[in-house]
Amino acid sequence: MTRPDASTLPHGAPPPGRTAVVTGASSGIGAATARRLAAEGFRVVLTARRKERIADLAAELTAAGHQATAHPLDVTDRAAVESFAATLDHCAVLVNNAGGALGADPVATADPADWRQMYETNVLGTLHVTQCLLPALEASGDGTVVIVSSTAGHAAYEGGGGYVAAKHAEHVLAETLRLEIVGRPVRVVEVAPGMVRTDEFAKTRFRGDEEKAAKVYEGVAEPLTADDVADTIAWTVTRPSHVNIDLLVVRPRAQASNTKVHRVR
């Protein structure tokens, strides 16, 4: 089938049947991004370790008239990622969203196991999926790799050493990949969110301690939502093919930096 010329399509509309893979799609930013890209006309492939959640989301999207499939996947498992990549007949967009933070201990007392897990998920997971899907992205003739990093990848803060280190590595991965594949039909986009309130991020970081998780957002009237970030991701993906949003930092108005947040007491 001849691929439609993007110039004949409505501005920002993907050609019919274009596939977008979203990692970490079982909740938060990943789930919101899958919903938004489906609404934009992409056929979305949802990946995450929690198969029931992505299956439910795929069913929700299908019931709404969109194209969606679920594929359970641990992005840290290279063999599993390779097997997943082999199932795809097409891929135009990859949203590397799987990741997360563990703990808030200072460098002097942090658990190396937490650092290792954060590095494997945020960095090596992104590397595995990007490497395995890059041939398909290039073959699409108009591919986009989105790396969802964090403002932690651009500035350090106390108690965040392991997460900051992992997100800095993810940022460098995006920068380096962009340099290495320039001239090929694949864009590399980094979206770096600041304070985003989701159901799980802070709770996971503090190992289920809801009181500690709530303090992260205490006094902040309007932190970002998962939908806010998904809206940003969708905007970068739907720019005309010659436009690359190298880096987009998005924070709530109340947050001036990683350590400067306006809180109402």
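**Exercise 1. Find which residue of β5 is the bridge partner of Asn96.**

*Solution.* Start at Asn96 and look across to β5: its bridge partner there is Ile147. Keep in mind that you are looking at a predicted model. Next, widen the view to the two strands: β4 and β5 (residues 143-148) run parallel and are joined by four bridges. Finally, follow the chain between them: β4, helix α4 (residues 112-139) and β5 form a right-handed β-α-β unit.

**Exercise 2. Work out which strand β4 pairs with over three bridges, and in which sense.**

*Solution.* The partner is β1 (residues 19-22), and the pairing is parallel. To check a single position, go to Val21 in the model: Leu94 of β4 stands opposite this residue.

**Exercise 3. Sort the residues of β4 (residues 93-96) by the way they point, and say whether they are buried or exposed.**

*Solution.* Step one: Val93 and Val95 point one way. Step two: Leu94 and Asn96 point the other way. Step three: all four positions, Val93, Leu94, Val95 and Asn96, are buried.

**Exercise 4. Explore the surroundings of Val95 and the core that Val95 belongs to.**

*Solution.* First set aside the neighbours within four places in sequence; Val95 is then in contact with residues including Val21, Leu37, Val146 and Ile233. Now turn to the largest nonpolar core, which has 36 residues: Val95 is one of those that touch the most other members, along with Leu37, Val44, Leu46, Val146 and Ile233. A second, separate core has 24 residues, among them Phe84, Ile147, Leu173 and Val188. As a general background, nonpolar side chains tend to be buried together in soluble globular proteins.

Conventions:
Residues numbered from 1 in each chain as written. Predicted model: local features only at pLDDT ≥ 70, side-chain atom pairs only at ≥ 80, totals over all residues. Heavy atoms only, no water. Core = buried A, V, L, I, M, F, W, Y, C linked by side-chain atoms within 4.5 Å. Buried < 20%, exposed > 50% of the residue type's maximum accessible area, 1.4 Å probe, protein only. Contact = heavy atoms within 4.5 Å. Pairing = 2+ DSSP bridges. Right-handed = clockwise from strand over helix to strand, strands pointing away.
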